[in-house]
Amino acid sequence: MQLCRFWQCLVFTAFFALCDAQALESAPVAAHQPIGKIDQPSAASRPTPGGIWQSLVSNVQETWQHSPQRDLYLPVITWHNRFTYDNDHIKRYNERPWGAGYGISRHDENGDWHGIYLMAFKDSFNHWEPFGGYAWEKQWYPSANKKFRLGAGYTAGFTLRENWKYLPVPAVLPLASVSYGDLTFQATYIPGSYNNGNVFFGWLRWSF
């Protein structure tokens with residue numbers, strides 16, 4: 001239980017850190033300062049919890065209203081961490097998340113990716129599980145070929161599971177991706193404790 005709480009705190013800390021970075025990117029750039037003069041950021045210019053929340057709401061609204069791309073999602077892998085599961089659980093858990101999903105997305109002025117999506121797939125117990133929400137990724141272009149991209153960020157949304165009687169459960173999870181052109185492999189890691197959670201979940205995303 002303590003390990004599970006540790007992971008929850010770690011995920012939420014990472015979420016707010018990423019939101020902080022996202023808010024900083026969307027903040028207006030200050031005028032050029034003379035060489036040799038370095039001003040400390042004022043209290044007004046530092047992101048506040050209200051500012052971070054407003055930035056998140058603004059990005060969700062912008063993504064919902066002005067996304068030129070449409071996305072198809074295809075779940076491809078569910079992998080239970082062998083270091084945190086015994087063999088009995090591994091043998092009876094499903095690792096083929098058959099399903100599909102649909103979403104909309106955009107790239108902002110910084111080249112970063114924003115998306116809203118809904119997926120449905122087979123969970124570890126082979127029951128249907130929907131998951132949907134908002135996602136953001138910082139994008140890097142490591143080569144001259146701008147079609148090749150790396151991404152890292154977060155997703156915040158809701159899921160419903162059969163073993164939780166299909167009650168809506170909020171979730172904030174890390175994201176990472178590798179993209180080439182319109183095709184992306186994107187994945188998350190669901191933290192947890194021994195024989196619970198600690199799952200790598202990945203999918204393909206095709207944008208058109």
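This is a guided walk through the structure shown above, from its overall fold down to individual residues and salt bridges. Keep in mind that the model is predicted.

Let us start with the whole chain. The protein has 208 residues, and 39% of them are buried. Its secondary structure consists of three helices and eight strands, arranged along the sequence as α-α-β-α-β-β-β-β-β-β-β. Among contacts with a separation of 6 or more, 56% join residues that are 24 or more positions apart. The accessible surface is about 12500 Å², with carbon and sulfur atoms contributing 65% of that area.

The eight strands form a closed barrel in the order 1-2-3-4-5-6-7-8, and the pairing is antiparallel. From one strand to the next, the twist averages 30 degrees. As a reminder, strands in a sheet pair through backbone hydrogen bonds, in either a parallel or an antiparallel sense.

Strand 3 is a good place to step inside. This strand covers residues 113–122, and because eight of its ten residues are buried, the rest of the structure largely encloses it. On one side, strand 3 pairs with strand 2 (residues 99–107) through nine antiparallel bridges; here Trp-113 of strand 3 stands opposite His-107. Strand 3 also pairs with strand 4 (residues 128–140), again antiparallel, over ten bridges, and in that pairing Tyr-117 has Gly-133 of strand 4 as its bridge partner.

Ile-116 offers a close-up of this strand. Its relative accessible area is 15%, so Ile-116 counts as buried, the cut-off being under 20%. Beyond its neighbours within four places in sequence, Ile-116 is in contact with Val-60, Thr-63, Trp-64, Tyr-102, Gly-103, Ile-104, Gly-133 and Tyr-134. Arg-106 is ten residues away from Ile-116 along the chain, and the C-alpha atoms of the two are separated by 9.5 Å.

Now for the turns, where the backbone angles deserve a look. The hairpin of strand 2 and strand 3 has five residues between the strands, and Gly-111 there takes a positive phi near 85 degrees. The hairpin of strand 3 and strand 4 also has five residues between its strands, with Asn-126 in the turn. Most residues other than glycine have a negative phi. Asn-126, although not a glycine, has a positive phi of about 70 degrees; its relative accessible area of 41% makes it partly exposed. Lys-165 is another non-glycine residue with a positive phi, of about 55 degrees. Lys-165 sits in the loop between strand 5 and strand 6 and is exposed, at 70% relative accessibility. The two strands flanking that loop, strand 5 (residues 148–159) and strand 6 (residues 169–180), run antiparallel and are joined by twelve bridges. One of the bridge pairs is Gly-157 with Ala-171 in strand 6.

Next come the charged pairs: the whole structure contains four salt bridges. One of them joins Arg-82 to Glu-95, with the closest N and O atoms 2.7 Å apart. Arg-82 is in the loop between strand 1 and helix 3 (87–92), while Glu-95 is in the loop between helix 3 and strand 2, so the pair ties together parts that are 13 residues apart in sequence. Another joins Asp-112 to Lys-138, at 3.8 Å between the closest N and O atoms. This pair links distant parts of the chain, 26 residues apart, with Asp-112 in the loop between strand 2 and strand 3 and Lys-138 in strand 4. Asp-112 is buried at 0% relative accessibility, whereas Lys-138 is partly exposed at 23%.

Arg-161 and Asp-123 also meet in a salt bridge, at 4.0 Å from N to O. Arg-161 lies in the loop between strand 5 and strand 6, and Asp-123 in the loop between strand 3 and strand 4, 38 residues apart. Both Arg-161 and Asp-123 are buried, and together with Glu-129 they are linked in a network of salt bridges.

Finally, let us come back to the surface. A nonpolar patch with about 950 Å² of accessible area includes Leu-72, Trp-79, Tyr-102, Phe-185 and Trp-206. Strand 1 (69–80), strand 7 (183–190) and strand 8 (199–207) each supply at least two of the patch residues, and strand 1 gives the largest share, with five. Ile-77 also belongs to the patch; this residue lies in strand 1 and is partly exposed at 30% relative accessibility.

Technical notes:
Residues numbered from 1 in each chain as written. Predicted model: local features only at pLDDT ≥ 70, side-chain atom pairs only at ≥ 80, totals over all residues. Heavy atoms only, no water. Buried < 20%, exposed > 50% of the residue type's maximum accessible area, 1.4 Å probe, protein only. Helix = DSSP H or I, 4+ residues; strand = E, 2+ residues; numbered from the N terminus. Pairing = 2+ DSSP bridges. Contact = heavy atoms within 4.5 Å. Areas by Shrake-Rupley, 256 points an atom, 1.4 Å probe, with all protein chains shown as cover. Patch = residues over 30% accessible without salt bridge, like charges linked within 9 Å, V, L, I, M, F, W, Y side chains within 5 Å. Salt bridge = Lys/Arg side-chain N within 4 Å of Asp/Glu carboxyl O. Axes fitted to C-alpha atoms, helices over the stretch in contact; angles between N-to-C directions.
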